Amino acid sequence: MNAPAPNLTPSVEKSLKGKVSLVTGSTSGIGLGIARALAAAGSAVVLNGFGKPAEIAATQYELSDRFNVPVEYSGADMSDPDSIAQMMHKTLKTFGRVDILVNNAGIQHVAPLHEFPPAKWDAVLAINLSSAFHTIRLALPAMVANKWGRVINIASAHGLVASAFKSAYVAAKHGMVGLTKVVALETAELGITSNAICPGYVYTPLVEAQIEGQAKAHKIPREQVVREILLAQQPNKRFASVDELGALTVFLASDAAASITGVALPVDGGWTAH
Ligand code: NAD
């Protein structure tokens, strides 16, 4: 007789009750969408990122009040290893654990390689890649002790394919995919999974600003900017939403995803299928 089937469709509501999640770069955009989804699933959340103190405090209050979970905030600078270490130590001191680590903070700089400012290269590599090395190395001992952990790295379609003029970003995101795989191998027998999510274009306030800006600059309608400029590479011609990425993160954090590790999952409407 077969063993009873595990519950592979836990209700999203409160499926992560008792867990502690830390999401870097979660004061806006994708990170905030992910933090909201994790809180909605019952996880305590540590927010991180820059922004206006009043807006960050309002986000903290909203998530905590709406989903009835503890929500902390760290203003740690992901380009600074000491600052990252302080954030991780404070999280472990406050909650005694960190179960779900989402490395999402990221910046972009666009320039031809021969004109790429070395300081920008260093900043992109530090924030988009090295910060994940530091958060993971500091989170792993607690995950190992609990025999459970989820490392979820927000890479990009640019972790799988390149575009011109984005040397630092593409190098960092390819590095993130490699780091994800190494962590998966080192933790494979420890109840920990490590995966990368590789979004194509995601609709965020920054993207909205780009649509407006390009429409004005080229004197063309918004729809044309979206189809022919921003989503030129993306066959499905639609932006993913931050809610879709939040739901995927909650799934990867669930027990239903216990065997998924070491993958770089495109969420790119077919971009990398080319
Ligand atoms: P965003 O600019 O809206 O958010 C970035 C977040 O990172 C913010 O909270 C910001 O405060 C934080 N941040 C920036 N520098 C930081 C630092 N030094 N220390 C701490 N926090 C810092 O960007 P987004 O579009 O939501 O992107 C989030 C992640 O998703 C990035 O890693 C990005 O590369 C990736 N991504 C985005 C898209 C997209 O279309 N938006 C596509 C693929 C991948």
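These are my notes on one strand and two pockets in a predicted model.

**Strand β6**

I started with β6, residues 192-199, and looked up how much of the strand is buried. Eight of its eight residues are, so the strand is largely enclosed by the rest of the structure. Buried here means under 20% relative accessible area.

I then took the two faces separately. On one side I listed Ile192, Ser194, Ala196 and Cys198. On the other side I listed Thr193, Asn195, Ile197 and Pro199. The residues on both sides are all buried, and I noted both faces of β6 as covered.

**Neighbours of β6**

Which strands pair with β6? I found β5, residues 149-154, running parallel to β6 and joined to it by six bridges. As one pair to check on screen, I wrote down Gly149 and its bridge partner in β6, Ile192.

I also found β9, residues 264-267, which pairs with β6 over four bridges, again in the parallel sense. Here I noted Ala196, whose bridge partner in β9 is Ala264.

Next I looked at the connection involving β5. With helix α5, residues 167-187, the strands β5 and β6 make a β-α-β unit, and I recorded its hand as right-handed.

**Largest pocket**

I moved on to the pockets. The volume of the largest pocket is about 1100 Å³. I counted 36 residues in its lining, and the closest to the pocket centre are Ile30, Gly106, Ile107, Tyr169 and Leu206. Three elements give two or more residues to this lining: α1 (29-40), α5 and α6 (205-218). Helix α5 is thus in my notes twice, here and in the β-α-β unit.

Which element gives the largest share of the lining? I have α6 down for this, with four residues.

By class, I recorded 18 nonpolar, 15 polar and three charged residues in the lining of the largest pocket. I also checked the domains: domain 1 (20-202 + 241-268) and domain 2 (204-239) each supply at least three of the lining residues.

**Second largest pocket**

For the second largest pocket I noted a volume of about 180 Å³. Its lining consists of Val110, His158, Ser163, Ala164, Phe165, Lys166, Tyr201, Ile229, Leu230, Ala232, Gln233 and Trp271. I sorted these into eight nonpolar, three polar and one charged.

Which domains contribute to this lining? I found at least three residues from each of domain 1 and domain 2.

How values were computed
Residues numbered from 1 in each chain as written. Predicted model: local features only at pLDDT ≥ 70, side-chain atom pairs only at ≥ 80, totals over all residues. Heavy atoms only, no water. Buried < 20%, exposed > 50% of the residue type's maximum accessible area, 1.4 Å probe, protein only. Pairing = 2+ DSSP bridges. Right-handed = clockwise from strand over helix to strand, strands pointing away. 1 Å grid on protein atoms, 1.4 Å probe; cavity = no way out; pocket = protein on both sides within 12 Å on 5 of 7 lines; lining within 4 Å. Points joined across faces, edges and corners; volume = space filled by probe spheres on them. Nonpolar A, V, L, I, M, F, W, Y, C, P; charged D, E, K, R; others polar. Domains from an automatic or database assignment.
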